[in-house]
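Work through the exercises below with the sequence and the structure open. Each task is followed by a solution in steps.

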Amino acid sequence: MRSNFHTHTQRCKHAYGDERDYVEFAVKNELDILGFSDHGPFPDHDFGLRMDYDELPDYLSAIDSLSAEYKDKIRLYKGLEIEFHPKYITYYKQLSDLFHLDYLALGEHMFTDSNGKVKNIYFAESTDDYIEYAENIAAGAETGCFAFIAHPDLMFMNKFEWDKNCDKACDMILSAAEKYNIILEFNANGIRRGRQYFPDGMRLAYPDERFWKMLQGSRQPVIIGADCHIPEQIRDSAIGIAEKMCMELDLNVVDTIF
Ligand SMILES: [Zn+2]
Ligand SMILES: [Zn+2]
């Protein structure tokens, strides 16, 4: 079965194409399932690079009408990729209950540190931030509100050498995934960024093989996510590379999050 549960649209202001463009490309490429997971808004704060809160009903009804129109060709799901912040626990539940979302992907870009300050993992100050980042992910996993953890190794896009904090953060994320039975996403978007120079050598920013090797041969479910920001990325060469990497790493790849 061909599926993708990590799909953005132009509503997030840094992707191209509307919902229809993604559905049409997915149908043309024989996907059985397409899950939309555009960057989710918060009701009282705009963290940027996401749809406006007021746009949520439009986004969902666009997917609903395409779902009906294409029902013989593809199965669509309504989701959001959204950060976990402790203060929004009731909001995550509301998203599913009031807005009838099919799933939430825990995509931690911004996170809350122990002083309540919101930080961005793209600009970590040191690997100490990785620990607080991992704590947020683990706390999000514990809520049971999220179907999968998007790019759980995103922190390794920072240019720091591997140290004890890296081991600890990986362990916290992997243990939480196992304990709370949550899928981990092997994210193809990092592959599209190509290999880059890091203090510990040339490698992909993410997926980071050092993280995934810790799962080698385990039964932990892993889903490959296109994380497409243009329709063609639903099925591009990065997906093929991700599939090959997962096979070589002997990961337990699943094709659905349900
Ligand atoms: Zn994005
Ligand atoms: Zn993301």
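**Exercise 1: two helices that cross**

H1 passes H2 in a right-handed crossing. The model is a predicted one.

Task: Describe how the axes of H1 and H2 lie and which residues meet.

Solution.
- Step 1. Locate the helices: H1 covers residues 19-28 and H2 covers residues 56-69.
- Step 2. Take the geometry. The two axes come within 10 Å and cross at roughly 35°.
- Step 3. List the contact. From H1 come Glu 19, Arg 20 and Val 23, which meet Ala 62, Ile 63 and Leu 66 of H2.
- Step 4. Sort the contact of H1 with H2 by class: 4 residues are nonpolar, none is polar and 2 are charged.

**Exercise 2: a second helix pair**

Task: Decide whether H4 and H5 are roughly parallel or roughly antiparallel, and say what their contact consists of.

Solution.
- Step 1. H4 spans residues 128-143 and H5 spans residues 164-179.
- Step 2. Their axes are 9 Å apart and the packing angle is about 5°.
- Step 3. Angles under 35 degrees count as roughly parallel, so H4 is roughly parallel to H5.
- Step 4. On the H4 side the contact includes Tyr 130, Ile 131, Ala 134 and Ile 137; on the H5 side it includes Cys 166, Ala 169, Met 172 and Ile 173.
- Step 5. The contact of H4 with H5 divides into 13 nonpolar, 1 polar and 4 charged residues.

**Exercise 3: the sheet and a hairpin**

Task: Give the strand order of the open sheet, name its edges, and then describe how S9 pairs with S10.

Solution.
- Step 1. The open sheet has 8 strands, in the order S1-S2-S3-S4-S7-S8-S11-S12, with parallel pairing.
- Step 2. S1 (3-4) and S12 (252-254) are the edge strands, each pairing on one side only.
- Step 3. At the S1 edge, 2 bridges pair S1 with S2 (residues 33-39) in the parallel sense. Ser 3 has Ile 33 in S2 as its bridge partner.
- Step 4. Towards the S12 edge, helix H8 (residues 237-248) lies across S8, S11 and S12, and runs at about 160° to S11.
- Step 5. Turn to S9 (residues 195-198) and S10 (residues 201-204), which run antiparallel and are joined by 4 bridges. They form a hairpin with 2 residues between them.
- Step 6. Check the register: Gln 196 stands opposite Arg 203, and Phe 198 stands opposite Gly 201.

**Exercise 4: two loop residues**

Task: Classify Ala 15 and Asp 32 as buried, partly exposed or exposed, and find what each touches.

Solution.
- Step 1. Ala 15 sits in the loop between S1 and H1.
- Step 2. A residue is buried if 20 or more other C-beta atoms lie within 10 Å of its own. Ala 15 has 21, so Ala 15 is buried.
- Step 3. Setting aside residues up to four places away in sequence, Ala 15 touches His 8, Thr 9, Gln 10, His 229 and Ile 230. Pro 231 is 216 residues away from Ala 15 in sequence, yet their C-alpha atoms are 9.1 Å apart.
- Step 4. Asp 32 belongs to the loop between H1 and S2.
- Step 5. With 14 other C-beta atoms within 10 Å, Asp 32 is partly exposed.
- Step 6. Beyond its neighbours within four places in sequence, Asp 32 is in contact with Met 1, Arg 2, Ser 3, Ile 74 and Arg 75. Lys 73, 41 residues away in sequence, is 7.5 Å from Asp 32, C-alpha to C-alpha.

How values were computed. Residues are numbered from 1 along each chain as its sequence is written. Chains are lettered from A and ligands numbered from 1 in the order in which they are written. This is a predicted model: local features need pLDDT of at least 70, side-chain atom pairs count only at pLDDT 80 or more; totals for chains, interfaces and linings use all residues. Two strands pair if DSSP finds at least two bridges between them. Axes are lines fitted to C-alpha atoms, for helices over the stretch in contact, and angles run from 0 to 180 degrees between N-to-C directions. A crossing is left-handed if the near helix is turned anticlockwise from the far one by less than a right angle, and right-handed if clockwise. Two residues are in contact if their C-beta atoms, placed from the backbone, lie within 7 Å. Ala, Val, Leu, Ile, Met, Phe, Trp, Tyr, Cys and Pro count as nonpolar, Asp, Glu, Lys and Arg as charged, and the others, Gly among them, as polar. Angles under 35 degrees count as roughly parallel, over 145 as roughly antiparallel, 65 to 115 as roughly perpendicular and the rest as oblique. A residue is buried if 20 or more other C-beta atoms lie within 10 Å of its own, exposed if 12 or fewer, and partly exposed in between; C-beta atoms are placed from the backbone.
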